[in-house]
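Trainee: I should like to request a close look at the salt bridges of this model. Please discuss the partners, their placement and their exposure.

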Amino acid sequence: NEPVQRLMAAEATRIRAAVPTDGRIVALDERGADWTTDKLAAALGRWRDEGIHPVFVIGGPDGLDQELKTSAHAQVRLSSLTLPHGLARLVLCEQLYRAVSVLKNHPYHREG
């Protein structure tokens, strides 16, 4: 579907323009890696230690441009379910909070 592809490519251009020069794109995609909160925490800790600034990107209603996803530092999925954008942002925020809690040994995150 060519019009959709053009819209996604234009969106990818706007996304790249908004990413800081020291930022690394983490594309949220339903076909991305299935991470646990602990794996997200480990990645955040590693990126912090390496001076990498992750930029989490949620695509439009048709997803993210394939070239943007391919060039991303990582591709991660929040769920196998399709989530509306507002809920995806909320889930991402919650998981980032939990992951940082894990890194700080805060009791907020509870396993099992």
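Mentor: A salt bridge is taken here as a side-chain nitrogen of Lys or Arg within 4 Å of a carboxyl oxygen of Asp or Glu. The model is a predicted one, and the count under this rule comes to seven salt bridges.

One of them joins D34 and R77, with 3.4 Å from N to O. Because D34 belongs to strand β1 and R77 to strand β3 (residues 74–77), this pair ties together parts that are 43 residues apart in sequence. The two partners can also be described by exposure: D34 has 54% relative accessibility and counts as exposed, while R77, at 22%, counts as partly exposed.

Strand β1 also takes part in the salt bridge between K69 and D29, whose closest N and O atoms are 3.1 Å apart. K69 is located in helix α3 (residues 66–71) and D29 in strand β1 (residues 23–34), so parts that are 40 residues apart in sequence are tied together by this pair. Both K69 and D29 are buried, which means that each has under 20% relative accessible area.

The pair E94 and R98 lies within a single helix, α4 (residues 85–103). The two residues are four apart, about one turn of the helix, and their closest N and O atoms are 2.9 Å apart in the salt bridge. E94 is partly exposed, its relative accessible area being 29%; R98 is likewise partly exposed, with a value of 23%.

Terms used. Residues are numbered from 1 along each chain as its sequence is written. This is a predicted model: local features need pLDDT of at least 70, side-chain atom pairs count only at pLDDT 80 or more; totals for chains, interfaces and linings use all residues. Side-chain values use heavy atoms; hydrogens and water are left out. Buried means under 20% relative accessible area, exposed over 50%, partly exposed in between (1.4 Å probe, protein chains only).
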